[in-house]
Amino acid sequence: MSIPTPIEWQEGRLKILDQTLLPHQTRWIELETIEDVFEAIIQLKVRGAPAIGITAAYGLAIAAKKYEGVDIETFHLRIHEDYLYLAGSRPTAVNLFWALDRMMKVIETLYSTEETIISLEQEAKKIHQEDEEICRQIGENALSLLNGRKKVLTICNAGTIATGKYGTALAPFHLGKEKGVDFQVYACETRPVLQGARLTAWELQQSNVDVTVITDNMAAHTIATKGIEAIIVGADRIASNGDTANKIGTWQLAILANYFQIPFYVAAPLSTFDFSIASGADIPIEERLAEEVTHIGPNQITPEGTKVFNPAFDVTTANLITAIITEKGIFEADRNKLAQLNKAEEGVRA
Ligand SMILES: CSC[C@@H](O)[C@@H](O)C(=O)COP(=O)(O)O
């Protein structure tokens with residue numbers, strides 16, 4: 001696979017592929033401070049739930065280095081402020097909070113500032129490395145579930161550049177390519193920020209996967225006339241009952257899948273589950289700047305003063321989800337089935 005790695009940590013320096021410049025420029029930028037990390041996340045230079053979590057974890061490791069030489073109590077106070085700052089960047093993707101909480105757990109067990117700084121860097125690297133293996137496993141499970149269905153529709157970008165490697169919803173296409181299984185992928189352009197048209201099209205082209213871009217309002221017609229056999233999407237947060245937040249536009253695809261009687265799959269790591277909330281009604285939905293809707297790139301497309309509603313995500317209700325594909329297997333989007341998964345995971349964590 002020839003897609004560049006989206007996040008790199010080399011000798012204590014963090015570099016990310018600036019996704020706002022894709023597909024026209026492939027440029028890595030260095031994030032030197034916690035403020036750089038915060039800005040990169042809110043400006044979508046790095047995006048996608050797992051990639052946000054990984055970058056924030058490195059952000060905390062970078063922040064910790066500022067406090068070399070301070071006593072451990074002061075260190076705890078300062079790093080807690082940094083944790084809250086990064087946690088305030090984007091509200092919907094729970095992987096952000098999962099990664100930051102995991103970093104803070106490391107701190108609880110150590111009593112020397114110097115040792116904690118080293119351990120935080122190690123933990124961030126671990127979160128990053130683990131994600132690649134998790135995504136590969138999701139890809140394997142998705143490949144077996146798709147089982148010969150080759151014409152697949154997706155939305156947004158839940159690919160390599162949204163994760164450590166391979167992606168979630170796009171993982172079966174990358175892995176399929178490695179194994180000689182060829183898919184025909186249809187990618188919704190994903191207004192307003194065009195993650196499908198800009199990022200998924202670019203990423204799948206890098207992998208030589210056959211990809212066709214459609215505008216978001218072409219989905220029903222495309223499913224009906226092009227013989228789409230399944231829809232697969234990523235996730236930003238999955239509630240205890242299986243309700244799933246993902247990029248705005250996902251819900252309408254699930255409704256269409258139900259209408260056309262084709263499977264609708266969500267692919268996500270366990271770090272995207274939020275077992276602390278009962279249903280999708282509890283998921284905070286990020287609203288972003290009006291300019292994302294009023295403009296395409298630098299060009300304004302609406303009359304001056306047009307009112308705008310710009311939610312970045314919607315919640316697909318569990319009843320519309322055929323299955324959730326995780327690194328630990330395939331699950332029904334059902335409160336009781338997911339509770340078993342949570343129990344098994346709690347056992348592993350204990
Ligand atoms: C593996 S990425 C999963 C999700 O985060 C993805 O589908 C998505 O909705 C990304 O939204 P974005 O606003 O681009 O961060």
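This report walks through the two domains, a sheet, the ligand site and a few backbone oddities of the structure above.

First, some ground rules. This is a predicted model, in which local features need pLDDT of at least 70 and side-chain atom pairs count only at pLDDT 80 or more, while totals for chains, interfaces and linings use all residues. Residues are numbered from 1 along each chain as its sequence is written.

**Two domains**

The chain is assigned domain 1 (7–132) and domain 2 (135–349), with bounds that come from an automatic or database domain assignment. Their centres, taken over C-alpha atoms, are 25 Å apart. Where they touch, domain 1 puts in 22 residues and domain 2 puts in 29 residues; contact here is when the C-beta atoms of two residues, placed from the backbone, lie within 7 Å.

Which elements give two or more residues to the domain 1 side of that contact? They are helix H2 (49–65), helix H4 (94–108) and helix H5 (113–146). Helices (H or I, at least four residues) and strands (E, at least two) are DSSP runs, numbered from the N terminus. H2 gives the most, with five residues. By type, this side of domain 1 splits into 12 nonpolar, six polar and four charged residues. Nonpolar takes in Ala, Val, Leu, Ile, Met, Phe, Trp, Tyr, Cys and Pro, charged takes in Asp, Glu, Lys and Arg, and the others, Gly among them, are polar.

**The sheet**

Next comes an open sheet of seven strands, in the order S6-S5-S4-S7-S10-S15-S16 and with mixed pairing. Two strands pair if DSSP finds at least two bridges between them. Strand S6 (210–214) and strand S16 (329–331) are at the edges with a single partner strand each, so one side of each has no neighbour in the sheet. On average, neighbouring strands are turned by 25° against each other, direction ignored.

Take one pair: strand S4 (residues 151–154) and strand S7 (residues 230–233) run parallel and are joined by two bridges. Val152 has Ala230 in S7 as its bridge partner. Helix H7 (residues 195–206) packs on the sheet, touching S4, strand S5 (184–188) and S6, and its direction makes about 170° with that of S6. Helix H9 (residues 250–260) lies across S4, S7 and strand S10 (264–267), at about 155° to S7. For these angles, axes are lines fitted to C-alpha atoms, for helices over the stretch in contact, and angles run from 0 to 180 degrees between N-to-C directions.

**Around the ligand**

How many residues surround the ligand? There are 18, and the closest are Arg47, Gly48, Ala49, Gly234 and Lys247; a residue counts as near if its C-beta atom, placed from the backbone, lies within 6 Å. H2 and strand S9 (244–247) each give two or more residues to this shell. The shell divides into eight nonpolar, seven polar and three charged residues, and it draws at least three from each of domain 1 and domain 2.

**Backbone oddities**

Most residues other than glycine have a negative phi, and most peptide bonds are trans. Here are some exceptions.

| Site | Value | Loop |
|---|---|---|
| Leu22 to Pro23, cis | omega near 5° | Pro23: between S2 (13–17) and S3 (28–31) |
| Arg191 to Pro192, cis | omega about 10° | Pro192: between S5 and H7 |
| Asn208, positive phi | phi near 60° | between H7 and S6 |
| Gln261, positive phi | phi near 55° | between H9 and S10 |

Buried or exposed: which is Asn208? Asn208 counts as exposed, with 12 C-beta neighbours inside 10 Å. Gln261 is exposed with 6 other C-beta atoms within 10 Å. Buried means 20 or more other C-beta atoms within 10 Å of a residue's own, exposed 12 or fewer, and partly exposed in between, with C-beta atoms placed from the backbone.
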